[in-house]
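Subject: Structure handover

Hello,

I am passing a structure on to you. Please open it before you read my notes.

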Amino acid sequence: MARLAREFFARDTLTVARDLLGRVLVRLLDGQRLSGRIVEVEAYIGEDDLASHARCGRTERNAAMFGPPGHAYVYFIYGVHHCLNLVTEREGFPAAVLLRALQPLEGIERMRTLRGGLPDHQLTSGPGRLCQALALDRQFDRADLCAPDSLLFVEEGRPVDDANVVVGPRIGVRGDLAAISAPWRFLVRVNGENARPSQSARR
DNA sequence: GGATCGATCGGCT
DNA sequence: GCCGATCGATCCG
């Protein structure tokens, strides 16, 4: 299966976010493939997006968002969790897509171990959960997903048609009305489930 | 099913 | 010193 090239990420962030649904995120861990189908994402676009970490300008922490497309932006939050973003658009413009949920495909046993034996439906359904399931931490911040020897990349998978995509406001965003109401969350409807445009991305 | 709360680190309005 | 692009436990119904 072919890997997504840099041109895929070097587009409008909403286009990339929508197009990432159905693609396959692959993590090579000790030579083993851990992978999952991308089923929920959110876009964070520019310094004017008051929900984005880039809203206060460039810092050491968010530098990856300002970097070239096709790289990872991994941050540590609440003293507990890591979250994975894929950087989009052009270098110098801070934008990225947060991966919020995967459908596990390969290496599920290993993911169960990494997740501490929690129920399977909680393996990769959440930005913090999927990072733990794939053993992703800040070592992957600024990693190039398009480098030939990368341990993290995205494969073409099977794109999702519009009939199976739900769009809605982003989760966990507070404060600014424009940021709260922007319909920049995309998720795949799976067997009629997961079709909740606003609250409770869980389960 | 839903609401609430504590954990616990690092970066900074 | 404060608080976050979250999670999981716990309580309530």
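Below is what was found, starting with the DNA and ending with the salt bridges.

One point before the details: this is a predicted model.

DNA strand B

Which residues surround DNA strand B? They are C56, T59, R61, F76, Y78, G79, V80 and R138. Of the strand B atoms that come within 4 Å of the protein, 71% belong to sugar and phosphate. By class, the residues of this surface are four nonpolar, two polar and two charged.

Three polar contacts stand out for a look on screen. T59 uses its side chain: an N or O atom there is 2.2 Å from a phosphate oxygen of DNA strand B. Y78 uses its backbone: a polar atom there is 2.4 Å from a base oxygen of DNA strand B. G79 also brings a polar backbone atom to a base oxygen of the strand, at 3.2 Å.

DNA strand C

There are 23 residues around DNA strand C. H53, H81, N85, R115 and R129 come nearest. Sugar and phosphate make up 50% of the strand C atoms that come within 4 Å of the protein. The surface here divides into 10 nonpolar, eight polar and five charged residues.

Where does this surface come from in the fold? Four elements each supply at least two of its residues: β3 (72–77), β4 (81–87), β5 (95–106) and α5 (127–133).

Some distances to check:
- H53: a polar side-chain atom is 2.7 Å from a phosphate oxygen of DNA strand C.
- H81: a polar side-chain atom is 2.8 Å from a sugar or linking oxygen of DNA strand C.
- G128: a backbone N or O atom is 2.9 Å from a phosphate oxygen of DNA strand C.

Salt bridges

How many salt bridges does the structure hold? The count is 15. As background, side chains of opposite charge can pair when their charged atoms come close. Three pairs are described here.

D144 pairs with R6, and their closest N and O atoms are 2.9 Å apart. This bridge links distant parts of the chain. D144 sits in the loop between α5 and β6 (152–155), while R6 is in helix α1 (residues 6–9). They are 138 residues apart. R6 counts as partly exposed, because its relative accessibility is 27%.

R18 and D162 form another salt bridge, at 2.7 Å from N to O. Again, distant parts of the chain are linked, 144 residues apart. R18 belongs to helix α2 (residues 13–20), and D162 to the loop between β6 and β7 (165–168). Is D162 buried or exposed? Its relative accessibility is 59%, so D162 counts as exposed.

D49 and R170 meet at 2.8 Å, N to O. D49 lies in the loop between β2 (32–45) and α3 (63–66). R170 lies in the loop between β7 and α6 (177–181). The bridge therefore ties together parts that are 121 residues apart in sequence. Both partners are hidden from solvent by the cut-off used here, under 20% relative accessible area. D49 counts as buried because its relative accessibility is 4%. R170 counts as buried too, because its value is 5%.

Last, some salt bridges share partners. They join E40, E42, R100 and R185 into one network.

Best wishes

Methods: Residues are numbered from 1 along each chain as its sequence is written. Chains are lettered from A and ligands numbered from 1 in the order in which they are written. This is a predicted model: local features need pLDDT of at least 70, side-chain atom pairs count only at pLDDT 80 or more; totals for chains, interfaces and linings use all residues. Side-chain values use heavy atoms; hydrogens and water are left out. A residue is near a molecule or strand if one of its heavy atoms lies within 4 Å of it. A polar contact is a pair of N or O atoms within 3.5 Å; within protein, one must be able to donate a hydrogen and the other to accept it, and residues adjacent in sequence count only if both atoms are side-chain atoms. Ala, Val, Leu, Ile, Met, Phe, Trp, Tyr, Cys and Pro count as nonpolar, Asp, Glu, Lys and Arg as charged, and the others, Gly among them, as polar. A salt bridge is a side-chain nitrogen of Lys or Arg within 4 Å of a carboxyl oxygen of Asp or Glu. Buried means under 20% relative accessible area, exposed over 50%, partly exposed in between (1.4 Å probe, protein chains only).
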